[in-house]
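User: Please take a close look at one open sheet in this chain. I would like its strand order and pairing, then some context from the rest of the chain.

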Amino acid sequence: MSDLIRLLPDHVANQIAAGEVVQRPASVVKELLENSVDAKATHITLVLKEAGRALIQVSDDGAGMGMNDARLCFERHATSKIRAADDLLALRTMGFRGEALASIAAIAQVELRTRSHADDLGTRIVMEGSQVRAQEIVAAPAGTAITVRNLFYNVPARRQFLKSDAVELKHVLEEFQRVALAHPGTAFQVLHNEEELFRMPGAADDASEAAALRQRVVHLYGRRYDERLVPVEEATDFVRVQGYIGKPEFAKRSRGEQYFFVNRRFIRSSYLEHAVRTAFDELVGRDSYPSWFLFLELDPSQIDINIHPTKTEIKFRDDRTVYAIVHAAVRRALGRFNISPSLDFEPEPAMIAAFSGASVQPMPAPAPIQPWRPQDLGVRHAVTGWQQLFDLRDRGPAMPELSGAPVPTPDHVVPMRELDGEPGPRPVFQLHGSYIIAQLRHGFVVIDRSRALERIGYERALKQLELGNGPSQAELFPRNVELSAADWALVEDLLPELRALGLDLQVFGGRTLTVCGMPVGSAQDDPERVLEQLIEQLHTERGALKLERHAALARSMARSISMRPDETLSPPQMHDLIDRLFACEMPYYTPSGKPTLITYGLDELAQRFERG
Ligand code: ADP
Ligand code: MG
């Protein structure tokens, strides 16, 4: 019997392995640029022909290689960057697998010219299909130049899979931009078919990190980005978050520039994306995307870099803390620039410290701004009732006696008649069945009732979804509702969550549901109407990200149960509504960003009456 198992010849094995690392020209560009960065280059030039299909050349003025290293670098698992598995835990370089050059040399014609600074002469090596075609000593500038021609020349199937030059170039430039953003100190030049696409200097040595990054963003995306950027800076012992977010008004309909880097390595993370997008929360519409360039730095032992060569996902050992700090950093940045209702200045350092057990460098308090709006108050969590909130103006937003106070939970609210030592309930009025007006010490507030209900319902629904225990009010006469196929498909897999929200739905058979109970506190009492509105809302929310499923559901539910026919509220009911609104985490806006209330100052009245 003859042996069936055979070892594959090296070049075939390399070719197979290469498929893992090199999918398209952009993969080669990424690997070569990262090698130059790892070699501490200060100038890197990228030259492309036909979107990299015909030619990719990366030259740098980095460390260069001696003759032996030049030969070795094309061997699989040849790397100067780690020596043992443990080194992975302390990784500071981009590369570490020693696979890239071997892979590229398996599926292209590669020429390397390199000289280390210590040597007088350099080395030239020509590789083709993993074979050394030439090796010689040459005169060469210090640094490394690698030229990759005719990618996939020996793998026609792969070559055929490449897309148009426009698409491939887009991928290439995307990789380039990631590297360029992560290394603002390095100068870059990019040429495609002899046309210069980018030329950018490295930031001056004495430029701050923030200034260097700003300059880099402007070079990559244009002058107009200068005014769009809001700096983010948050440092704890555990993680440092810095960089920029785009102002909400420049959010785009399509995904634009959203970059996370962890220890200067570009990563994708729907988890962190969620942290940022919820920090923008009501400031940008659900269907538009703010931009961000955020750099996280943390001890390499706190992350698991995916060992797979092309994956950009990583795992944090403590992802909840990272989430909380990123979220807080973005909120604070928005707040500092008076972009968002600045609710969270004081509590956040405390929250971060609680999360990470780490000490926090507090940011300077924001300057108070005129004219007065509830947004201007920086200490909401540290007060014990909404009325007090508005009265804080007297004392200025930065109140030493309040900072450092424990962060109350949202239901920690003192009914307002007990506030501030003032006797008796403060006056409230209802207007046209849809507005509530309440007197404040220095003015009054107008609350849109159904918007307030929407906000309250939204936060309650979110909490119920988390806990899975929304109370339901049984229907005396369960009602059957038959759904269309499209509605059924939508509702069917949400049934458990809808029940968690207190909407007790039973499957009657076919596409018919029986409504056995309604969420407690629903302003609507017609179950059919609620279900109908809910489905309509769900259809509009459907584009929502998976992670935001709860938010989408909570929004839909809140809207469906807050639409109430006009009805007169008693003063205690109005007080109750106001209390519940201000117990919300974000009382000033509905989940979709519409204001829930407007405040008027006595000074404004005085002005209109021309009292001088
Ligand atoms: P890795 O980057 O994972 O170590 P590569 O195959 O990309 O693996 O590179 C192999 C080795 O070749 C690197 O470890 C480095 O020592 C050397 N090398 C590659 N590119 C350069 C460069 N531009 N300058 C200096 N050395 C380089
Ligand atoms: Mg590498």
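Analyst: Here is the sheet, followed by the chain around it. The model is predicted: local features need pLDDT of at least 70, side-chain atom pairs count only at pLDDT 80 or more, and totals for chains, interfaces and linings use all residues. Residues are numbered from 1 along each chain as its sequence is written, chains are lettered from A and ligands numbered from 1 in the order written, and side-chain values use heavy atoms, without hydrogens or water.

The open sheet has 3 strands in the order S19-S21-S20, with antiparallel pairing. Strands (E, at least two residues) are DSSP runs, as are helices (H or I, at least four), numbered from the N terminus. Two strands pair if DSSP finds at least two bridges between them. At the edges sit S19 (472-482) and S20 (504-509), each pairing on one side only. On average, neighbouring strands here are turned by 20 degrees against each other, direction ignored. The axes behind that angle are lines fitted to C-alpha atoms.

Now the S20 pairing. S20 and S21 (residues 512-519) run antiparallel and are joined by 5 bridges. Gln 506 has Thr 514 in S21 as its bridge partner.

Next, the whole chain. It has 18 helices and 22 strands. Of its 612 residues, 51% are buried, meaning under 20% relative accessible area with a 1.4 Å probe, protein chains only. Take the contacts (heavy atoms within 4.5 Å) between residues at least 6 apart in sequence: 69% join residues at least 24 apart.

Definitions and conventions. Axes are lines fitted to C-alpha atoms, for helices over the stretch in contact, and angles run from 0 to 180 degrees between N-to-C directions. Buried means under 20% relative accessible area, exposed over 50%, partly exposed in between (1.4 Å probe, protein chains only).
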